[in-house]
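Q: I would like a close look at one part of this protein. Please keep the sentences short and go step by step.

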Amino acid sequence: MNPLLLFEKWLSEEKEQNNLKLPAACCLSTIGLDGYPNSRFVSLKEIKNQSFVLTGPLDSRKGREIKNHSKAALSFWWTCTERQIRIQGDVSEIPKPDAEIYFKQRNRDSKIVSTIFEQGREIQDIPYMQKLFEEKKAALGNKDVGQPKNWGGIYIKPIRIEFMEFKTSRLHERRLFEQTSNGWKMTILQP
Ligand SMILES: Cc1cc2nc3c(=O)[nH]c(=O)nc-3n(C[C@H](O)[C@H](O)[C@H](O)COP(=O)(O)O)c2cc1C
């Protein structure tokens, strides 16, 4: 079985039961420039070209880390279905026209934030941040918010995906899919 189909099945089963605003929130881990692993939550946009798609500013800390070391991990924990998914894969940038489509889908305030701020850079204080935002909003009026040059997306093409399903018996079921020259190979792991 293609594990990406199983991923989509599990995601839709969680969405059916879970009224969280962001059921596709996941933990992205990169390899820090200083060698320490670095994790943060991001939102999965979709699966495309057999890869997981994420978006955001590409010159952020994670962007620089990925540029330096194009391997990453993505982890999901879904509380209603009690399932964990762990992914490891290779990172590449999505085509610019695709990034434009994702940017257009963002809400207006998020677009404005991406335009004004450099994600992760220091700012003097919160009121100043709010002032910059309000000023930009007023200056834009009803005009379109253009996509900043640094904003884009990445693919994580999986080489390994592990599905774990919690069981009340404690005999949790773990299925590991690994990409081989003959396609995906599945192994069952001890809990
Ligand atoms: C639920 C959730 C979803 C998020 N989604 C994204 C996202 O899709 N893209 C993004 O750049 N940051 C997202 N963030 C913010 C990141 O966690 C992080 O603060 C930001 O990307 C900066 O990380 P960096 O300094 O390692 O680059 C999200 C945060 C949370 C809590």
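How far apart do the end C-alpha atoms of residues 151-191 lie, and what are the helix and strand percentages of the span?

A: This is a predicted model. In it, the end C-alpha atoms of residues 151-191 lie 40 Å apart. The span is 0% helix and 73% strand. An unreviewed UniProt entry annotates residues 151-191 as "domain: Pyridoxine 5'-phosphate oxidase dimerisation C-terminal".

Next, take the strand β7 (151-165). β7 supplies at least two residues of the largest nonpolar core. So do β1 (25-31), β4, β5 (71-78) and β6 (83-93). This core has 20 residues. Among those with the most contacts inside the core are I154 and I156. F52, A72, L74, I87 and V91 are also in that group. In soluble globular proteins, nonpolar side chains tend to be buried together.

Now follow one contact out of I156. A72 touches I156. A72 also touches L28, S29, T30, I66, G89 and V91, leaving aside residues up to four places away in sequence.

UniProt also lists residues 15-125, as "domain: Pyridoxamine 5'-phosphate oxidase N-terminal", again from an unreviewed entry. That span is 27% helix and 39% strand. Its end C-alpha atoms lie 38 Å apart.

Last, the ligand. There are 14 residues around the ligand, and R40, G56, S60, R61 and K62 come nearest. The elements giving two or more residues to this shell are β2 (37-43), β4 (51-57) and α2 (61-68). β2 gives the largest share, four residues. By type, the shell has five nonpolar, six polar and three charged residues.

Terms used:
Residues numbered from 1 in each chain as written. Predicted model: local features only at pLDDT ≥ 70, side-chain atom pairs only at ≥ 80, totals over all residues. Near = placed C-beta within 6 Å. Nonpolar A, V, L, I, M, F, W, Y, C, P; charged D, E, K, R; others polar. Core = buried A, V, L, I, M, F, W, Y, C linked by C-beta atoms within 7 Å. Buried ≥ 20, exposed ≤ 12 C-beta atoms within 10 Å, placed from the backbone. Contact = placed C-beta atoms within 7 Å. UniProt positions renumbered as here; feature names shortened; annotations may be inferred.
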